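Take a moment with the sequence and the model before reading on. A short guided walk follows.

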Amino acid sequence: MRQLIAALILLATAGVALPAQAEDAERVRGWTILSDSDAGADAVIAAAKPYKINHLQLSHEIVHDLREVREPAKRAQANRLTKAAHDAGIGEVAIWDHSLYDLDYYPAEFRTGPDGTIDLDDPAFWEWFRQDYRQMLDLVPDVDSVVLTFIETGARVERQHSAKLTTAEQKLAYLVDQVAEVIVNERGLGLYLRTFGYYPEEMERTIGAIELVRNPEVKVMAKATPHDFFLTHPNDSTISRINRPVLVEYDAAGEYNGQGKIANAWPEEHVDRLRHYQRLPNVIGYVARTDRYADSSIVGTPTEINLYALARASEDPKVSVETIYREFAERTYGRKAAREVASALSKSYEIVTSVLYTLGTNTANHSRLDYEPYCSSYHRSVSGKWIDPPVTYVRHDVNKRFHFWIDVVNHLSPTACKSDPTLAREAQYVLDRGWVTPGDQLTPAYLRYVLAEKDHGVRVAQSALRDIEKAGRDLSPEHFRQLKAYFERTVLTARLHRAVSAAYFGYRLYVRDEAQRTRKMRQLIWDGLDDAQSVAEQIQTYPVRAATGEWDWVRDAAEAAKYHDRISKGWDRYGGVAVPRP
């Protein structure tokens, strides 16, 4: 284990360094560690100094709820990492929390409201609540701040009883002020409120609650995109309306976009958003996620370029994206190989948005192959919820403007997802306006659009791999192995999605329209199934292990096998219709 930690720290500290620039000491330059991997966390902390990181968040698998510090192992890790960060010169270490916790966490004596809810009007409850925070903070005495999620939590405070607090916003704000009483007023620590909402009205409620918070020292942390980290989402328009200092959160590790296992370099994505927020007077800096669980830290990998891009653009508002690609490639892989490596990395955005996205909507379940039954692709995660008018232009050899709902969702969504209650709850207007209609509306034209886009993704991925092969003679053996595996996984992923798309969308047409049950359609479907099976075997036997994490890249091979069984034997969801070989 010590050898592994040493190797990771060597990779981190041997990486890139920012050019010398005059820096604003007041700006927040932060990273977030999600994984409880000690080796990964140590590597991240070791890499922080060249990036001038002054803020570090410990979240998710380390501490997601502050109550977890009562567990000896969690507490020991949080305290060790806090000390390590401080020793490395990081001035502010923040720990995550959610409030309220599950309802049964709170003593029954306070759950006297209707249906066993908490009586928020009982002063004794809030005294108990504040004392609970004092005891938890005593266990992590060196942390500097708390990042609080106060919405979408266990016992949602807006669902608890109060005769005095009559709106959800009032309940949320009152909760925040009780937490701030201890964290800010008594302990002198920082408090950041995380904004979140699945749909615009929910975001409005969150912003309304923040406006009612009385404590003037409370800050806010908001994602660079509304709802979640999708490449096709717009910037978060609510940030400019928050009358408090706002820290903007970026996902450098690609939760929905490959999680660092495939081509995941997009300086253009981060720099464009960063520059937008730099113009807002209430924005105090950025914080970027560095992993997606287990050993998926992007430090020491090609995806680290996203961290470099944020830091570099934060230092120099005029630096070009092309310069960022070139500098990172030169500093990490050497001057001779830089041109080809930069070329390969710069194709990441084009690849991912045509492989893990379909006609502008993300169709990967947290990066995993899952066209159905994962319905979020067709309601919750649709970028059109946040864009007015909800239209997008898809290049990728399609070159067509689409309405997110009328065109993309209505034609690509499986029937069951259209009647999923989430669509009605979060976007009822879509149904009211007839933008999404019942039944499977897939057409041959939309099948052609999908396949054109997936073919494009395969070609660009193969082109990026050729760039790396060309650079091979100028790369160290270690860097060549790393980059070659990175882009070979990308090609295999693109090919697998293309193959499964042909089989899956072709099958849906085959089932619903007898006129489509032609030899040509059967051939398309079976070519897809056979290609998917071939690629799946290559993934399962691929010699270079991908990092573990939320998305297990190898398991996509098993997901592809599910489509093979469903379609070749007859999918019960589609009436058990099987497709015979042509």
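The paragraphs below go from a strand to the spaces beside it, and then to a stretch of loops. Keep in mind that this is a predicted model.

Start with strand β7, which covers residues 246-251. Six of its six residues are buried, so β7 is largely enclosed by the rest of the structure. In a regular strand the side chains alternate between the two faces of the sheet. Look at each face in turn. Val246, Val248 and Tyr250 sit on one side, and they are all buried. Leu247, Glu249 and Asp251 sit on the other side, and they too are all buried. Both faces of β7 are thus covered.

Which strands pair with β7? One is β6, residues 219-223. β6 and β7 are parallel and share four bridges. Within this pairing, Ala222 stands opposite Val248 of β7. The other is β8, residues 283-289. β8 also runs parallel to β7, and six bridges join them. Here Tyr250 stands opposite Ala288 of β8. Now follow the chain from β7 to β8. The path goes through helix α7, residues 267-278. This β-α-β crossover is right-handed.

Next come the empty spaces. Rolling a probe the size of a water molecule over the atoms shows where empty space is left. A search of the whole structure finds three cavities of 30 Å³ or more. The largest cavity has a volume of about 100 Å³. Which elements give two or more residues to its lining? They are β7 and α7. α7 gives the most, with three residues. Tyr250 and Asp251 are part of this lining. Other residues of the lining include Phe229, Phe230, Trp266, Glu269, His270 and Arg273. By class, the lining of the largest cavity has six nonpolar, three polar and three charged residues.

There are open pockets to look at as well. The second largest pocket has a volume of about 410 Å³. It is lined by 23 residues. Those closest to its centre are Glu152, Phe196, Tyr198, Lys223 and Asp228. Lys223 also falls within the residue range of β6, 219-223. The lining of this pocket divides into six nonpolar, eight polar and nine charged residues.

Now move further along the chain. Strand β10 covers residues 361-362, and Asn362 lies in it. Asn362 has a relative accessibility of 2%, so this residue counts as buried. Asn362 and Ile539 are 177 residues apart in sequence. In space they are 22 Å apart, C-alpha to C-alpha.

The backbone has some unusual spots in this stretch. Most residues other than glycine have a negative phi, and most peptide bonds are trans. His366 has a positive phi of about 50° although it is not a glycine. Ser367 has a positive phi too, near 85°. His366 lies in the loop between β11 and β12. Ser367 is found in the loop between β11 and β12 as well. Ser367 is buried, with a relative accessible area of 0%.

What kind of peptide bond joins Glu372 and Pro373? The bond is cis, with omega about 20°. Pro373 lies in the loop between β12 and β13. A cis peptide bond also joins Asp388 and Pro389, with omega about 0°. Pro389 has its place in the loop between β12 and β13 too.

That loop also holds one end of a disulfide, at Cys375. A disulfide is a covalent bond between the sulfur atoms of two cysteines. The count for this model comes to one disulfide. It joins Cys375 to Cys417, with 2.0 Å from S to S. The link is left-handed, with -80° about the S-S bond. Cys417 lies in helix α13, residues 415-418, so the pair ties together parts that are 42 residues apart in sequence. Are these cysteines buried or exposed? Cys375 is buried, with a relative accessible area of 12%. Cys417 is buried, with a relative accessible area of 1%.

Finish with helix α12, residues 404-412. Eight of its nine residues are buried, so α12 is largely enclosed by the rest of the structure. Among the buried residues are Phe404, Trp405, Asp407 and Leu412. The opening strand, β7, is likewise largely enclosed.

Note on methods
Residues numbered from 1 in each chain as written. Predicted model: local features only at pLDDT ≥ 70, side-chain atom pairs only at ≥ 80, totals over all residues. Heavy atoms only, no water. Buried < 20%, exposed > 50% of the residue type's maximum accessible area, 1.4 Å probe, protein only. Pairing = 2+ DSSP bridges. Right-handed = clockwise from strand over helix to strand, strands pointing away. Disulfide = S-S within 2.5 Å. 1 Å grid on protein atoms, 1.4 Å probe; cavity = no way out; pocket = protein on both sides within 12 Å on 5 of 7 lines; lining within 4 Å. Points joined across faces, edges and corners; volume = space filled by probe spheres on them. Nonpolar A, V, L, I, M, F, W, Y, C, P; charged D, E, K, R; others polar.
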